[in-house]
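Visitor: I would like a close look at a single part of this chain and how it fits in with what surrounds it. Could you walk me through it slowly?

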Amino acid sequence: MTPEAKVKNKVKKILDEYGVYHFSPQTGGYGRSGIPDIICCADGKFIGIECKAGKGRCTALQIRELEKIKFAGGESLIINEKNIEDVEKCLTSSRIRKKTKMKRVITSKARGDSSKKESGNAKNI
């Protein structure tokens, strides 16, 4: 596993502990360049996270995308091994608490009726 992959995994673990929706976009020549490594939504707040390892630096395209996110009202972070705690600081400053167990709520739009159904699964719908 590469050093950057280790940073990404640590960030994802923190996001999971807080029950934050997140994904890693795979551009591979098909998407727009410079998109952050991890895109997430925490309590309605859009967050873009670029992960680096060692002396890794963001490219001009990555900086541009992170600035666009901030301009649009979201949060953007550049995370490495030395500042990984900034992910948790960002989440707690937004009053997001660690999740002990999330309930799955299926709304009427998802089910096609007006009732709600709850279960003990780990993701909100």
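**A close look at E50**

Guide: Happy to! E50 has a relative accessibility of 1%, so it counts as buried, the cut-off being under 20%. Please keep in mind that we are looking at a predicted model.

Where does E50 sit? Its place is in strand 3, which covers residues 45–51. Now look at what the side chain of E50 does there. With the side chain of Q62, it makes a polar contact of 3.0 Å. The E50 side chain also reaches the backbone nitrogen of D37, at 3.4 Å. If we set aside the neighbours within four places in sequence, the contacts of E50 include I35, P36 and D37. Further along the chain, C58, Q62, L66, L77, I78 and I79 are also in contact with E50.

Let us step back to the sheet that holds strand 3. This open sheet has 4 strands in the order 1-2-3-4, and the pairing is mixed. Strand 1 (21–23) and strand 4 (75–79) each have a single partner strand, so they stand at the edges, with one side of each left without a neighbour in the sheet. On average, neighbouring strands here are turned by 20° against each other, ignoring direction.

Next, follow strand 3 to its partner, strand 2. These two run antiparallel and are joined by 5 bridges; one of the pairs is I39 with its bridge partner G48 in strand 3. Strand 2 and strand 3 form a hairpin, with 2 residues between them. In that turn you can find D43, which has a positive phi of about 55°. Strand 2 is largely enclosed by the rest of the structure, because 4 of its 5 residues are buried.

On from there, strand 2 (residues 38–42) pairs with strand 1, again in the antiparallel sense, over 3 bridges. Y21 has C41 as its bridge partner in strand 2, while H22 stands opposite C40.

What packs on the sheet and touches strand 3 and strand 4? That is helix 2, residues 60–71, and its direction makes about 145° with that of strand 4. Helix 1 (residues 3–17) lies across strand 1, strand 2, strand 3 and strand 4, and it runs at about 155° to strand 3.

Helix 1 has a helix beside it as well. Its axis and that of helix 3 (residues 85–93) come within 9 Å and cross at roughly 25°. Angles under 35 degrees count as roughly parallel, and helix 1 and helix 3 are therefore roughly parallel to each other. The crossing is right-handed. Where they meet, V11, I14 and L15 come from helix 1, and V87, E88 and L91 from helix 3.

Here is a residue to set beside E50: E85, whose place is in helix 3. Is E85 buried or exposed? With a relative accessible area of 38%, E85 is partly exposed, whereas E50 is buried. The C-alpha atoms of E85 and V11 are separated by 9.0 Å, although these residues are 74 apart along the chain.

Finally, the whole chain. It has 4 helices and 6 strands, following the pattern α-β-β-β-α-β-α-β-α-β along the sequence. Of its 125 residues, 30% are buried, and E50 is one of the buried residues. Among contacts between residues at least 6 apart in sequence, 46% join residues at least 24 apart.

Methods. Residues are numbered from 1 along each chain as its sequence is written. This is a predicted model: local features need pLDDT of at least 70, side-chain atom pairs count only at pLDDT 80 or more; totals for chains, interfaces and linings use all residues. Side-chain values use heavy atoms; hydrogens and water are left out. Buried means under 20% relative accessible area, exposed over 50%, partly exposed in between (1.4 Å probe, protein chains only). A polar contact is a pair of N or O atoms within 3.5 Å; within protein, one must be able to donate a hydrogen and the other to accept it, and residues adjacent in sequence count only if both atoms are side-chain atoms. Contact means heavy atoms within 4.5 Å. Two strands pair if DSSP finds at least two bridges between them. Axes are lines fitted to C-alpha atoms, for helices over the stretch in contact, and angles run from 0 to 180 degrees between N-to-C directions. Angles under 35 degrees count as roughly parallel, over 145 as roughly antiparallel, 65 to 115 as roughly perpendicular and the rest as oblique. A crossing is left-handed if the near helix is turned anticlockwise from the far one by less than a right angle, and right-handed if clockwise.
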